[in-house]
Amino acid sequence: MSKNIDHIDHRLLRELQTDATLSQRELADRIGLSQNACWRRLKALNDQGVIIGSTAQIAREKLGLSLVVFVMLRTRHHSAEWLQAFRRHVLTIPEVVDFHRIGGDYDYQLKVVTQDMASYDKVYQRLIEKVELDSVTSYFAMEAIAEGRPLPI
């Protein structure tokens, strides 16, 4: 964490995680800053790379994206070349919304969001078509209890 981030910056970041559509005036009022001071702090947080963009949270179910699958992958390949090819391949699959290299029994975890089982099967087929994997285990989410929660700052 940057040494320049103080409790006021933390408050700004918490407010932005809750509602990034706030105007600078509304944000400044909530924090108790002038609009200029708020703008300077937001600019500094952006310049430091603490704020890396602004996105909208979308109700995936309203778009017919009701299936969430956590895919656990194991491989026997650990060379830099294989890893680079694997990363490039996975990142071409738009249904993969999260992609992590992990420790433990598996090497990678993907979060796939898609319409239904048939759509997931297409993602699965695409996933295994270009890279050799030792095992692929899929866990199907029954319910999203908490998703996209704010960071604990």
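**Close-up views of a predicted protein model**

**Figure 1. Five helices and four strands make up the secondary structure of the protein chain.** The model is predicted. From the N terminus onward, the elements follow the order α-α-α-β-α-β-β-α-β. The C-alpha atoms occupy a box of roughly 55 × 40 × 25 Å along the principal axes. The radius of gyration of the protein chain is 20 Å, whereas a compact globule of 153 residues would have a value near 15 Å.

**Figure 2. Surface, burial and charge of the protein chain.** About 10500 Å² of the protein chain is exposed, and 51% of this area comes from carbon and sulfur atoms. Of the 153 residues, 30% are buried. The chain carries 20 positive and 20 negative charges, and the mean positions of the two sets lie 5 Å apart. Counting contacts between residues at least 6 apart in sequence, 65% join residues that are at least 24 apart.

**Figure 3. Trp82 and Phe86 in helix H4.** The structure contains six aromatic pairs. In the pair of Trp82 and Phe86, the ring centres are 4.8 Å apart and the planes meet at 15 degrees; the pair is stacked because planes under 30 degrees apart count as such. Both residues belong to helix H4 (residues 80-90), where they are four residues apart, about one turn of the helix. Trp82 has 12% relative accessibility and therefore counts as buried. Phe86, at 0% relative accessibility, counts as buried too.

**Figure 4. The pair of Trp82 and Tyr108, and the aromatic cluster around it.** The ring centres of Trp82 and Tyr108 are 6.5 Å apart and their planes are at 45 degrees, so this pair is tilted. It links distant parts of the chain, with Trp82 in helix H4 and Tyr108 in strand S3 (residues 108-114), 26 residues apart. Trp82 and Tyr108 are both buried. One aromatic cluster is formed by Trp82, Phe86, Phe99 and Tyr108.

**Figure 5. Leu42 and its contacts in the protein chain.** Leu42 is part of helix H3, which spans residues 35-47. Its relative accessible area is 11%; Leu42 is buried because this value falls under 20%. With neighbours within four places in sequence left aside, Leu42 is in contact with Leu16, Gln24, Leu27 and Ile51. The C-alpha atom of Leu42 is separated by 8.1 Å from that of Leu12, and these two residues are 30 residues apart along the chain.

**Figure 6. Phe140 and its contacts in the protein chain.** Phe140 is found in strand S4, which covers residues 135-140. At 37% relative accessibility, Phe140 counts as partly exposed, because the value lies between the 20% limit for buried and the 50% limit for exposed. Leaving out neighbours within four places in sequence, the residues in contact with Phe140 are Leu67, Val68, Val69, Met117 and Tyr120. A separation of 32 Å lies between the C-alpha atoms of Phe140 and Leu13, which are 127 residues apart along the chain.

Notes. Residues are numbered from 1 along each chain as its sequence is written. This is a predicted model: local features need pLDDT of at least 70, side-chain atom pairs count only at pLDDT 80 or more; totals for chains, interfaces and linings use all residues. Side-chain values use heavy atoms; hydrogens and water are left out. Helices (H or I, at least four residues) and strands (E, at least two) are DSSP runs, numbered from the N terminus. The radius of gyration is taken over C-alpha atoms; the globule rule is 2.2 Å times the number of residues to the power 0.38. Buried means under 20% relative accessible area, exposed over 50%, partly exposed in between (1.4 Å probe, protein chains only). Contact means heavy atoms within 4.5 Å. Accessible areas come from the Shrake-Rupley method with a 1.4 Å probe; for residues, only the protein chains shown count as cover. Lys and Arg count as positive and Asp and Glu as negative; His and the chain ends are not counted. The place of a charge is taken as NZ of Lys, CZ of Arg, CG of Asp or CD of Glu. Rings of Phe, Tyr and Trp (its six-membered ring) pair if their centres lie within 6.5 Å; planes under 30 degrees apart count as stacked, over 60 as edge-to-face and the rest as tilted.
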